[in-house]
Amino acid sequence: MSERQPTHARTAYAGLLLALTAGLPSPGPGADYRPSGIKPPPMLREFRGTWVASVGNIDWPSRRDLPVTEQKAELLAILDRAVQLKLNAVILQVRPACDALYASRFEPWSEYLTAQMGRPPVPAYDPLAFAVTEAHARGLELHAWFNPFRARHTSASGPISPLHISRTQPNLVRAYGSLLWLDPGEPAARDYVVRVILDVVRRYDIDAVHIDDYFYPYPEKTAAGMVIPFPDGASYRKYRATGGRLALDDWRRDNVNRFVRRLHESIRAAKPHVRFGISPFGIWRPNHPPGIRGQDAYAELFADARKWMLEGWLDYVAPQLYWAIDAREQSFPALLHWWAAQNPLKRHLWPGLSHRHAPLEIVNQVRLTRADPRASGHIHWSIRPLLTDRLNVAGVLARDLYNEPALVPASTWLDRSPPGIPSLSARPVAGRMQVEWRSRTNETVWLWAVQTRTRETWRTQILPGSRGGIYWPADQAPDVIAVTAVDRCGNAARPVVLERVPPDGTSHR
């Protein structure tokens, strides 16, 4: 992580600081600080994410012919909006269909970025590297979102690059309806996807790998409504010829299970702190729980998300619970509690919420999620309603849900050792109170949680690990300052606390 913070980020944080301290009662000038045993309140822990989709230019970039300067400006606006709303993670789609919104070693540049598959951005830049740097400068996690097996989307319109997998290894690709699809039944196809994703894990400082619900494609139908079989007969025959005994549907599920398990293990071996999450279709199987109706992801997408949770092959699961609370056959609370019950290893459960609903419905869904101790966050689909402020959704969220920032819940199965306790000092400098901290160890601090108390009111700020201090005008300095170091897996050190000592020597306890 860079030790220098971008100028615009420093300006944003200064503005945030002034906003947080404006209007508070003044403790008065001339104060000094001393170490204190005061305990700050427990910090909020909640994953607050948003998807940012690139396929079809749903969210970013807004057009496939957008100049680089405007691409960057749009992405910065997305990150700034996330900070403004007190979200803590952005899930950015970087590989919509065997193409790349980053400098891939294996796949062509995406047409959703440059209007032509294979054409690099001009002037040259790497959107993923840019996104990671800018997200981290704001204290946001950046999850890289991959579609594993889709090779061409229906919204694609330009010519296919000679570097695309359908040209370089056409034996791995199947035409299905209006789509091109990697065949998960081909071991070489699974190897290829793992190689592509691990290249990103190794070269970029991402916080997580995220894949969506497309393993085998959603069923295509004829004009008469008949399901078109996925054309994997040749790969299934090869499997049977080598002694395989599984029936077709079980073999397909086994292909996906093998892929999920291998990707999980490969990410862990490459970078142990990088989490792996999947966002499956919100219904595992109809009648689970009783009364639920809808698509059968187990039988039609061959995605056994329940098994992945039971086996611990995921660090988080984000089922797409896009239905309303009172939906009779797709009840949001019934599905939420069912998914929570499939999680014996206590991995993170962060359901996806759809903004096709009114803001009050979203608020109530978040409250239901918070009320279930087995869930620890949520993800908004998608960032666009939050940017456009559809139906004042941003204002409603800020008023009803996100009064204080929150830390991402810790992933203690990856690492449970907290970082070292930092040193903390406060001194008056040129009419302001300057508070500085630094790590006492060689371990990199991911975030600093700064909790302050003025009179009886506590406030929290979560700052990037590159920050080394904060300041207040001398007459706005808080009574108590607590600073906590947080590592990449979310483990928090014991806070270091300073208490203001007025000139008369009395205490604020």
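## An open sheet of three strands

An open sheet here is built from three strands, in the order 5-7-6. The pairing is antiparallel. Strand 5 (150-152) and strand 6 (173-176) stand at the edges. Each has a single partner strand, so one side of each is left without a neighbour in the sheet. On average, neighbouring strands of this sheet are turned by 35° against each other, direction ignored. The model is a predicted one.

How many bridges join strand 6 and strand 7? Strand 7 covers residues 179-182, and the two strands pair over four bridges in the antiparallel sense. Within this part of the sheet, R174 stands opposite W181 in strand 7.

## Strand 11 and its partners

Strand 11 covers residues 275-278. Its side chains go two ways: R275 and G277 point one way, F276 and I278 the other. Are these residues buried or exposed? All of them are buried.

Strand 11 pairs with strand 8 (residues 208-211) in the parallel sense, over four bridges. A208 has R275 of strand 11 as its bridge partner. Strand 11 also pairs with strand 12 (residues 316-317). That pairing is parallel too, over two bridges. There, G277 has Y316 of strand 12 as its bridge partner. R275 and G277, the two residues with these bridge partners, point one way from the strand.

## The second largest pocket

Rolling a probe the size of a water molecule over the atoms shows where empty space is left. The second largest pocket holds about 290 Å³ of space. Its lining is made up of 17 residues. Which of them lie nearest the centre? They are W145, D213, Y214, Q320 and W381.

The lining is mixed in class. Nine of its residues are nonpolar, five are polar and three are charged.

## N364 in helix 12

N364 sits in helix 12, which covers residues 359-371. How does its surface count, buried or partly exposed? The relative accessible area of N364 is 27%. Buried means under 20% and exposed means over 50%, so N364 is partly exposed.

How far from L301 is N364? Along the sequence, the two are 63 residues apart. In space, N364 and L301 are 30 Å apart, C-alpha to C-alpha.

Key. Residues numbered from 1 in each chain as written. Predicted model: local features only at pLDDT ≥ 70, side-chain atom pairs only at ≥ 80, totals over all residues. Heavy atoms only, no water. Pairing = 2+ DSSP bridges. Axes fitted to C-alpha atoms, helices over the stretch in contact; angles between N-to-C directions. Buried < 20%, exposed > 50% of the residue type's maximum accessible area, 1.4 Å probe, protein only. 1 Å grid on protein atoms, 1.4 Å probe; cavity = no way out; pocket = protein on both sides within 12 Å on 5 of 7 lines; lining within 4 Å. Points joined across faces, edges and corners; volume = space filled by probe spheres on them. Nonpolar A, V, L, I, M, F, W, Y, C, P; charged D, E, K, R; others polar.
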